[in-house]
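Biologist: I'm new to this one. Could you take me through a single part of it, the open sheet and whatever packs around it?

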Amino acid sequence: MSLADSWRAARPPVAGLHLDSAACSRQSYAALDAAARHARHEAEVGGYVVAEAAAPVLDAGRAAFAALTGMADADVVFTTGSRNALDLLLSRWPGAQRTIACLPGEYGPNLAVMAAHGFSRRLLPVDDTGRLVLDETATALATDPPSLVHLTPVGSHRGLVQPLAQMADICRGLGVPLVVDAAQALGQIDCAVGAEAVYSSSRKWLAGPRGVGALALRPALAELSEPGPEAGDINVAAQLGFSVALGEHLAAGPVAVRAALAGVGARSRRVLAQLPGWRVVEPLDEPSAITTLVPPPGTDPVAVRAWLITEHGIVTTAAGVERAPLELIVPVLRISPHVDTTEDDVQVLATALAAAPDGG
């Protein structure tokens with residue numbers, strides 16, 4: 001059975017056409033059942049008792065996250081998602097200096113978390129496509145090192161892939177800590193590059209449940225992950241679902257999944273590049289499954305997204321400029337199919353978009 005067939009067979013049949021994995025992928029039967037069984041056991045024997053029984057599976061989930069991020073020696077903690085991980089990290093960042101270097105295309109909510117914790121921002125040099133210029137970056141970091149570099153190697157507003165491994169080499173050579181927001185990257189590209197910290201959510205390309213994520217920290221930063229009074233209740237059922245999804249991803253083969261997603265992205269762009277009035281943002285061969293479309297003048301992506309759902313059962317994302325306020329100029333429509341999406345599926349979207357009325 002092919003990877004696409006096994007992915008499809010492992011999940012409930014989709015109602016319509018799901019092209020929104022960068023927002024929230026479809027969970028497998030196994031992940032859903034793990035969370036549901038735990039919730040039932042909480043009712044049967046008590047939440048704290050069953051949480052203790054879940055410890056081996058949760059340990060396996062943390063080990064899987066460490067393996068995917070290349071951080072076998074790391075301390076891995078579950079979070080409620082990517083924003084929670086960054087908030088935890090920056091709220092406890094050591095030292096008086098609070099400067100952070102990031103991309104002009106940094107995710108808007110990340111920028112808000114950085115500002116809330118008193119970090120001054122420095123923008124890394126990029127070319128006219130938004131991709132890092134490595135030699136200029138190395139010079140800038142060496143001349144005036146920041147407290148840390150925060151890199152989002154695949155953005156929320158565009159499927160451009162940043163040179164993560166090369167950036168990790170630069171930071172390592174200069175002794176500048178590298179923190180990686182792998183929310184969109186993990187599953188799509190290799191994130192095992194030797195960063196000081198990597199965090200991600202569950203619900204995107206790894207296809208776990210909402211409301212959970214993970215943060216991996218090298219031993220030098222391990223104290224930042226210690227639970228504080230703000231930790232609150234723990235959704236063990238979601239953590240179990242995430243742990244199962246991580247195991248499924250490893251079993252499918254991360255290299256094979258990355259290659260399949262890159263292929264889906266390339267096929268999608270070839271189809272959508274022929275669509276009159278809409279412009280594909282990414283290079284056709286970008287190794288990412290995300291395709292971003294700039295709409296024709298006067299067309300509102302928010303209205304188009306709603307129209308696609310109502311009229312065609314097609315789920316996409318409308319990305320406003322707030323997703324990347326330092327870079328994104330106009331709202332865009334984003335599609336993010338997973339490995340089970342066919343070229344015919346994308347053609348269905350293209351046909352629907354060709355018929356979309358102005359403003360949706």
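Modeller: Here is a walk through that sheet, its helices and one loop residue. First, this is a predicted model, where local features need pLDDT of at least 70, side-chain atom pairs count only at pLDDT 80 or more, and totals for chains, interfaces and linings use all residues. Residues are numbered from 1 along each chain as its sequence is written, and side-chain values use heavy atoms, with hydrogens and water left out.

Helices (H or I, at least four residues) and strands (E, at least two) are DSSP runs, numbered from the N terminus. Two strands pair if DSSP finds at least two bridges between them. The open sheet has 4 strands in the order β9-β10-β13-β12, paired antiparallel. β9 (279-280) and β12 (317-319) sit at the edges with a single partner strand each, so one side of each has no neighbour in the sheet. β9 joins β10 (residues 291-294) through 2 bridges, and Val280 has Leu293 in β10 as its bridge partner.

Now the helices, with contact meaning heavy atoms within 4.5 Å. Axes are lines fitted to C-alpha atoms, for helices over the stretch in contact, and angles run from 0 to 180 degrees between N-to-C directions. Helix α10 (residues 254-272) lies across β9, β10 and β13 (332-335), at about 20° to β10. Helix α11 (residues 301-312) packs on the sheet too, touching β12 and β13, with its direction at about 40° to that of β13.

Between β10 and α11, the loop holds Pro296. Pro296 counts as buried because its relative accessibility is 19%, and buried means under 20% relative accessible area, exposed over 50%, partly exposed in between (1.4 Å probe, protein chains only). Beyond its neighbours within four places in sequence, Pro296 contacts Gly277 and Trp278.
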